[in-house]
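Please look through the sequence and the structure shown below before reading on. The report that follows goes from the whole chain to its single elements.

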Amino acid sequence: SVMYKQFFAGELELLCSMPEYWKKTSILYSGGDDFAIYGSWDSLIPLAREIHRLFHRFTEENLKEFPGPEGKTITMALAFAGAGEESLVSVYETAGERLELAKSTAKDCVYVLGRTLEWRQLSTASDLRETIERLAGELDSPKHFLSELAGVYRKAAAAAPPSRGSEGNFDKPWRIQRRLGRALGETSDRELQKLRTQLTNEMLVKSVAHVRLRPGGRVALEWARLLIEV
């Protein structure tokens, strides 16, 4: 507990003083095994990823002699204030509730934008979000494009049996590929065609018999939507 208290106190202070986070984030507190930070939502997500990276580097260096994952995992949750005048207290309470939800799902994960993801899935979602932004920036109606992509996920959730997973798993791969192609539209521009192919590959997980949407896809889509609308 003392070791982690020193880690969080030092690393959080240092991170929040970096140019990309300075004046955008503030530390509410840091304890022996927990912390709370508030600030601009688009800074909190990359900050969480950086804390996770530093935490695992720290545990690898200092807990080499201890086998197993105990004490070596970190779970976080992000809660966002709505358009109304929500108090900091209410947002903090919501974050606590979502943290408990994330912990009940798995260890070493993060609750963000309505989903609990493993950290590697959040990294994949970040890459997908960048591709969505790039493609949306090349289109005449980015909002329509994002709406069409959201429709793909809604149809996937409706079509897939509940036991197959929340993002959809399809015995007939062509169905989701056709829906995704319809959302992306047709183009003769080679750069757009490359982006379309890249986006399709990043959104889908393919196997011999099934195609499913990546778990972090909805997070990536909502993340991109928020950034584009800002």
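## Overall picture

In this protein of 230 residues, buried residues make up 37%. The model is a predicted one, and it holds 8 helices and 8 strands. Among the contacts between residues with a separation of 6 or more, 61% are made by residues that lie 24 or more positions apart.

## Helix H3 and its two sides

Helix H3 runs over residues 88–105, and because a helix is expected to span 1.5 Å a residue, these 18 residues should span 26 Å, which agrees with the 26 Å that separate the end C-alpha atoms. Within H3, the residues Val91, Ala95 and Ala102 are buried. When one looks down the axis of H3, the buried residues fall within an arc of 45°, so they line one face of the helix. A general rule helps in reading such a pattern: an α-helix has 3.6 residues a turn, so residues three or four places apart point the same way.

What do the buried residues of H3 pack against? They pack against three strands, namely S3 (76–77), S4 (109–112) and S5 (115–118). On the face of H3 that is turned away from its buried side, one finds the exposed residues Val89, Glu97 and Ser104.

## The sheet of S3, S4 and S5

The strands against which H3 packs form an open sheet of 3 strands in the order S3-S4-S5, and the pairing in this sheet is mixed. S3 and S5 stand at the edges and have a single partner strand each, so one side of each is left without a neighbour in the sheet. As a general point, strands of a sheet pair through backbone hydrogen bonds, either parallel or antiparallel. S3 and S4 pair in the parallel sense, over 2 bridges, and Ala77 has Tyr111 in S4 as its bridge partner. Helix H4, which covers residues 119–138, also packs on the sheet, where it touches S3, S4 and S5, and the direction of H4 makes about 105° with that of S5.

## The hairpin of S1 and S2

Strands S1 and S2 form a hairpin with 4 residues between them. S1 pairs with S2 (residues 35–39) in the antiparallel sense over 5 bridges, and in this pairing Thr25 stands opposite Gly39 of S2. The loop between helix H1 (2–16) and strand S1 (25–30) contains Lys23.

## Single residues to look at

Lys23 has a phi near 70°, which is a positive value in a residue other than glycine. Asp108, in the loop between H3 and S4, is not a glycine either, yet its phi is positive as well, at about 60°.

The table lists the relative accessibility of three residues, one of them being Lys23.

| Residue | Relative accessibility | Class |
|---|---|---|
| Lys23 | 68% | exposed |
| Cys16 | 9% | buried |
| Cys109 | 1% | buried |

Since a residue counts as buried under 20% relative accessible area, Cys16 at 9% is buried, and Cys109 at 1% is buried too. How many disulfides does a search of the whole structure find? The search finds 0 disulfides. In general terms, a disulfide is a covalent bond between the sulfur atoms of two cysteines.

Methods
Residues are numbered from 1 along each chain as its sequence is written. This is a predicted model: local features need pLDDT of at least 70, side-chain atom pairs count only at pLDDT 80 or more; totals for chains, interfaces and linings use all residues. Side-chain values use heavy atoms; hydrogens and water are left out. The expected span of a helix is 1.5 Å times one less than its number of residues. Buried means under 20% relative accessible area, exposed over 50%, partly exposed in between (1.4 Å probe, protein chains only). The arc is that of the directions from the helix axis to the C-beta atoms. Contact means heavy atoms within 4.5 Å. Two strands pair if DSSP finds at least two bridges between them. Axes are lines fitted to C-alpha atoms, for helices over the stretch in contact, and angles run from 0 to 180 degrees between N-to-C directions. A disulfide is a pair of cysteine sulfur atoms within 2.5 Å.
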